[in-house]
Protein chains: 4
Amino acid sequence: MFFASDNGGPAHPSVIEAIAKANGGYTSAYGAEAGMDRVRSRLREVFEAPEAAIYLVATGTAANSIALATLSNPWDTIFCTSMAHINEDECNAPEFYSGGAKLTLVGDQDAKMSPDALRAAIAAEESRGVHGAQRGPVSITNATEKGTVYSPSEISTLTGIAQDFGLKTHLDGARFANALVSQGCTPAEMTWKAGIDVVSFGGTKNGLMGVEAVILFDPDKAWEFELRRKRGAHLFSKHRFLSAQMEAYLADDLWLDLAARANATCARLADGMRAHDSVEFLHEPAANIIFARFPRKLHKKLLEAGAQYYVWDGDAHQGDPDEPLTARLVCDWSIGTEGAEAFLAAMRD
Amino acid sequence: MFFASDNGGPAHPSVIEAIAKANGGYTSAYGAEAGMDRVRSRLREVFEAPEAAIYLVATGTAANSIALATLSNPWDTIFCTSMAHINEDECNAPEFYSGGAKLTLVGDQDAKMSPDALRAAIAAEESRGVHGAQRGPVSITNATEKGTVYSPSEISTLTGIAQDFGLKTHLDGARFANALVSQGCTPAEMTWKAGIDVVSFGGTKNGLMGVEAVILFDPDKAWEFELRRKRGAHLFSKHRFLSAQMEAYLADDLWLDLAARANATCARLADGMRAHDSVEFLHEPAANIIFARFPRKLHKKLLEAGAQYYVWDGDAHQGDPDEPLTARLVCDWSIGTEGAEAFLAAMRD
Amino acid sequence: MFFASDNGGPAHPSVIEAIAKANGGYTSAYGAEAGMDRVRSRLREVFEAPEAAIYLVATGTAANSIALATLSNPWDTIFCTSMAHINEDECNAPEFYSGGAKLTLVGDQDAKMSPDALRAAIAAEESRGVHGAQRGPVSITNATEKGTVYSPSEISTLTGIAQDFGLKTHLDGARFANALVSQGCTPAEMTWKAGIDVVSFGGTKNGLMGVEAVILFDPDKAWEFELRRKRGAHLFSKHRFLSAQMEAYLADDLWLDLAARANATCARLADGMRAHDSVEFLHEPAANIIFARFPRKLHKKLLEAGAQYYVWDGDAHQGDPDEPLTARLVCDWSIGTEGAEAFLAAMRD
Amino acid sequence: MFFASDNGGPAHPSVIEAIAKANGGYTSAYGAEAGMDRVRSRLREVFEAPEAAIYLVATGTAANSIALATLSNPWDTIFCTSMAHINEDECNAPEFYSGGAKLTLVGDQDAKMSPDALRAAIAAEESRGVHGAQRGPVSITNATEKGTVYSPSEISTLTGIAQDFGLKTHLDGARFANALVSQGCTPAEMTWKAGIDVVSFGGTKNGLMGVEAVILFDPDKAWEFELRRKRGAHLFSKHRFLSAQMEAYLADDLWLDLAARANATCARLADGMRAHDSVEFLHEPAANIIFARFPRKLHKKLLEAGAQYYVWDGDAHQGDPDEPLTARLVCDWSIGTEGAEAFLAAMRD
C-alpha cells in the first residue's frame, strides 16, 4: 500500500534487463554510442518530429533546468504556476541554470495554468523597459503536480498566448505518459502540434531507474543545450546505460503500458473511495494522483494498516478525529489494481 | 584492444546484479534509503573517518564541481594544474558551480603539481587586496590525468603549503583506487592523514555504471553540499540505484581488485612496450595510463590491427612514417593481461 | 511642474560645491581617502552605531543587490512585496548578485508588507527540506514605493517575525530620509533598534548626484561586502567624489532638510488636491509620493498645462473624459511649495 | 611628486564645471537626457562609426566586464594576457558578469600579447568538443598595463588571428587616449579599422571623475548590453552627470590634450631618468607609464623626498642599498612637466 510517490517504486524488470544487456564490451562514451542513435530515431518517430534534437539526462530537475536555461536569458522571467515543480521542488535550480532568471507565478485552477491569468501576467511586464525582468518562456506541467491533465486544446490556448508575445513554451512532462494515456492523444498532439517548443519527457516516475529525455522540436539551440548539459555535469561518460533504459522504455510501448497501469490503479482507487461518504475529492483525478479529503480517524486507520502516503495539511494522529485532512495518493506503475484493492479494503475495515 | 578510455568499458557484473537486487519493492527516495546508510558506514570505515559527510552523485564532473563550490567563494581562485580535469574537461563546470571563481594554473611535472610552483602561485596573489581574485582551495588529481601518482608524502607537502596560507584542499580521485593500489597505502593515508579536506572518490572509471562519492572529512559544510547538489539537479530520486552500485563496489574490496587488475594490465603493457627499441615513455607509468611515443608507422599498424587509443599529437595515417607520435593508452579494469598481450602481439607482428 | 520622479531633479548646489572642493590634488583611491573616514564616522554617529561597516556605491540597485547578496545564499528566497524595487525595477539584479536566489512575494497593504502574510510566507517554506528554496532575508522599503511609511514599531513587528525564523532583514532606504522626517524618529529607531540588519541609505533621490550608503550594523560580513562590491564593479577608483557628496549630504543635516522640503511640498499638494471633489487618494500620502485618482479630463488639462507625472493605468488623452485614472506624483526636494501651488493652480483653472 | 596612479589625481576643472552646468532643472533619467544624445553623436563622429551603439558606465571594470559578457557565453574562455586588468585587478568581475566564463592567459612581450602565443592558445582549445571551454573573445589593453602601446598594425595582426577562428575582439582602453597620442593615429584606425569589435573607452584615468564609454561598433547586441548594464546595477538614474562629464571630455579635444600632457610628462621623466647611470628601463616607455629599475638607495632618497610611486618588487627601505628594485611611475594628466622636473631634481640631489 505504497502511495507516497512514484519516486519510491522500482524500475520495470525489462529496464534492468536492458542495462545488463548493454553491459557488454566497449563502446563510445558520452552519448556517441549506437544505443543513443536508436533512442533518437525512435523518439523522433514517436513524436513525429524528424528534426528534433534529443538528449538524455538522469533527473527531472536537470531536464527542466537545462531546457529552461536554453530558452531563457538571465534577465528574463519564466511564467509558471506556484505549484510547479520548477518553483517548489528544485531548490532554485532553474535560477541557477539560467544564470539568475526569475519565476513569475501565474494563477491556476487545480494546478492548471489559467489562460486569463497568463495573459495578464505577461501583459503586466509590459511597460518597464530595461528596468523590469524581461518576458521569458512559459512552462507548464502535464500531468500537473496535482494530477490534473491539460488537453491538447488547453495547451494550445496557453501556447497561443505565449506566441502572441513571441514567447517560447516548455512542457514539464515528468508524468507525460500519464497525461497522454489520460487524453488518448498522440505525443505530437500533446506537444508541438499544440505549440510546445521543448519537452522534458519523463521516464523516472514511470518505470525507469533515472532517465529523462529533453526534446527540442527546433534544433536551433541543440549545441547550446549540449554545452549547458556538460557544464552542468549532466553528460554521462557511460551514457550507454541511459540509452539502454530509454530504449527499453520505448520498446513495444512499454512506457504507455506502464502509465496505463498507473492510471488504471488510480481510477480504481478513486472509484472505490468515491463510495465512501466521508471522502471528498479536491478535484477529479485524471492521471495517477489523487488529492482527497477525509476525516483524521480514517487517515489514522489507513496509516496504521500500513498505507503509505502524504497527509498534506496536518497531523493524522493528533486532533479532532472528525476533522477532514487532505491525502495525496500517487499510484506508481508497479502497484496494480490489487494494491488499490488492498487500500480500499483497509478503508472499509 | 580497447585502450581509448576507462569510460568506454562495461560495469562489473556484480554491479549490475546489485542493481537488479535493489530493484524490489518500495523505498524512501533521495538518499534516505537503507542502502545509503550502509554505503555511508562502509565508506567511513574504509576511510577511518567516522564523522565524514558522504554523498553520491553520478558523474565525476558533478563530484568535482560541487565539492569545489562548497570549498570556494565566487571571488576566489582555485589552484590546479593545466592538465587537471577541472580545467580541461569540464566545460567551465567549476566556474559555473562556484558562481564565477577562476582557476589559477600551477606548474607541474608530468601532471603532478610542483610544490615550489604552488607556493609561488599562492604567494603571487598576495598583495592586491580586494582587487585580485582571493585565494581559494587547491585541487590535485590522483592518479593524475597522465597516469602518474602522488605518494601520501607528496600530497602532504602540497597540503602543507595550502595550510600555510589557510587554504583547503580537494583531491580529484576519479582514479583514486588506481593510485591507492599503486602506492600500497590506506585510503586515510592518501587523504585526510595527508591533509586532504574533500575527496571525489571515483567509481565510474573503475567498474561502476556511473557513481562517485564525495567525502567531506569535516562535516561542517555537509548541509551546504546537500543544497548545492540539489540545486545542481544531482540529487537522484531513485537514489537506491546509486547506493546499490557503490555498495557492490565496496563489498569484498571489489574496487581494489578492479584497480589492481587495471594497473597490472598497464604494467604488462608497459613491460612489453619497453622491449621495443622505437618506444619511448613520456614518464614511467604508475597506475593504468601510459603515455608513450613511437613512430607513425607503428601507430598505423596497430590501429589497422584494431587497437583503439588516442594519438595525442597528430595524424597516425598521414606523414613521415618514422616520425614519433604520442599514444595515450588507458587500461580499463575489464581488459585483462590478455588484452595487453593482444596489443603487444599486434605490435610485434 | 515636474512630478514624474525624484530621479529627474538636480543635485543640491552644495553637493556640487563639495565635489569641486574635493577636486584638489592627489589622494588615495578606492575609498582609502580621508573623506571616506569622515563619512564613516559621521554615519556611525547619525545611526548611533559605532561598530557599523559602511560603504558607498553609486546606484540604489547596487546598494540593494550587494546588500542582499551579502545576506543570502544562492539557494535562498528573499521575502519582499510585489511592488518592491528589487522585484519590479532592477532587471533581476538581486538574482544576479545573489547567484540565483529567488524572491517570494509577500502580501501587502498599500505597499507595506503585511505581518500575517510574512509569517505565512515564511512558514510555507517549512517542510520541503532540500527540495524547496531555503528561507533567506526579508527586505522592506521605507518609505515604500507607494509613498506609505512604516513606523519603527511596524518595522519591529516584521523583523520580529523574521527573527522568529532566524532570518535577517534589509531595509531599502532609497527614500529613507523622507520616511524619517515623516515619522519624526531617529535613524537608529528606524533601523537597528527596530531589528534591521542592513540598510541601503539613499542619497540619489534626495539631492545627490548618485551616491547611496550601505550600512551593515553587524560588521561580520564587511569583507565579504567589499569583495562583492569590487566583483560587481562598484568600487570607484576616484572614490573621493562619492565621499564628498555624502559628506555634504550629512553636513548640517542637509539630508533631513531636503526630505522635509519634499514632504512639505507633497503635503501641500495633497491638501490642495483634497479640496477637489473629483480627486480620490488611493491611500493617505505620508512622505513625498501621492497616488490619486481623478477624471481623464483633469489629467488632460494638467498635462497640457505642462505638468509632468505618470498616469499609471491608461491613456490620459484618449477615452471617456470622466473615467478616473491614477496619477503618481513624486515631489523632488527641489520643487518647493511654489511648484505645488503651480500644479494646484493648473488644476483649478 | 605623485606618480602612484592615474586614479589618484583630480578631474579636469572643466569637467566639474560641466557637472555644475548640467545641474539645472528637470530632465529625463537613465540616459534619455539630451546630453547623452550629444555624447552619442560626438563619439560616433570621433570614431567615424555612425552605427555604433554607445553607453556610459562609471567604472572601468564595469565597462570591461559588461562588454566581455556581451561578447561571451558562460562556457567560453576569454583570451588575454596575465597582466590584463581583467585578470589581475577585477576580483573575478569578468567571470561574474559572463556567468562563469574563464580566462586563458596568453603569452606576451612587455604586456603586449604575442601573435604566435595567441594563435597557439586558440588552437589548443581545438579538439575537446563539448568537454573543454569554448573559444570566446580576445581582449587586449591599449595602452597596456605596462605602458607599452600597440600600433594599429599590431592590433590588426591579433584581430586577424581572432577572425581566423571566428572570434570577436575587445579593447580595454582605460588609457585609450594615451595610446592614441602615442601612435598619432585616429580612433578609427586604432579600433574598428584594425578589427576591434568593442572598446572600453576610458575617461576616469584621464581627467574625468568616473566615466567610461563602451562602444559596440556592431549595434546588434545593443539591447543585450543595456539589459546587462541594468542588471549589473550600472544604469545611473541621474545619468546626466555621466553625460556631462563625457561631453566636456570630448569638447575641444580635451581628452587628447590631457593625454598629450600625461605622455609629455612621462617622456620628460624618462629622458631625465635615462641620464642616470643606475637607471634601467624594463622597456621603452611609450605612453604615460614607466617601469624602471634602480638601486634601493635611490628609491629611499626619492621616497623620503616625498615622491609617491609603487616599488614593484620589494622593500625600498630595508636591504642592500645597491640592489636594484623596480619602480612603476604613472603620470597623471595633472602633473605636468614641472612635476617631472621636481622628481628629477630629487633624483639628482
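In the predicted model, chain B and chain C together bury about 1,500 Å², and 74% of this area lies on carbon and sulfur atoms. On the side of chain B that touches chain C, the greatest contribution comes from helix α10 of chain B, spanning residues 222-231, which supplies seven residues. Sorted by class, this side of chain B comprises seven nonpolar residues, together with four polar and five charged ones. In terms of contacts, 16 residues of chain B meet 16 residues of chain C. Although charged residues are present on the side of chain B that touches chain C, zero salt bridges are found across the interface of the two chains. Polar contacts are nevertheless found there, with four residue pairs, both members at pLDDT 80 or more, linked in this way across the interface of chain B and chain C.

A second set of results concerns a single residue of chain C and its surroundings. C:N7 is placed in the segment that precedes helix α1 (13-22) of chain C. This residue, C:N7, is classed as buried because its relative accessibility is 7%, where the cut-off for buried is under 20%. Once its neighbours within four places in sequence are left aside, C:N7 is in contact with C:K205 and, in chain D, with D:A29, D:Y30, D:S237 and D:K238. Polar contacts between side chains join C:N7 to two of these residues, namely D:Y30, at 3.2 Å, and D:S237, at 3.4 Å.

Definitions and conventions
Residues numbered from 1 in each chain as written. Chains lettered and ligands numbered in written order. Predicted model: local features only at pLDDT ≥ 70, side-chain atom pairs only at ≥ 80, totals over all residues. Heavy atoms only, no water. Contact = heavy atoms within 4.5 Å. Buried area = accessible area lost by both parts, 1.4 Å probe. Salt bridge = Lys/Arg side-chain N within 4 Å of Asp/Glu carboxyl O. Polar contact = N/O pair within 3.5 Å; in protein donor to acceptor, adjacent residues only side chain to side chain. Helix = DSSP H or I, 4+ residues; strand = E, 2+ residues; numbered from the N terminus. Nonpolar A, V, L, I, M, F, W, Y, C, P; charged D, E, K, R; others polar. Buried < 20%, exposed > 50% of the residue type's maximum accessible area, 1.4 Å probe, protein only.
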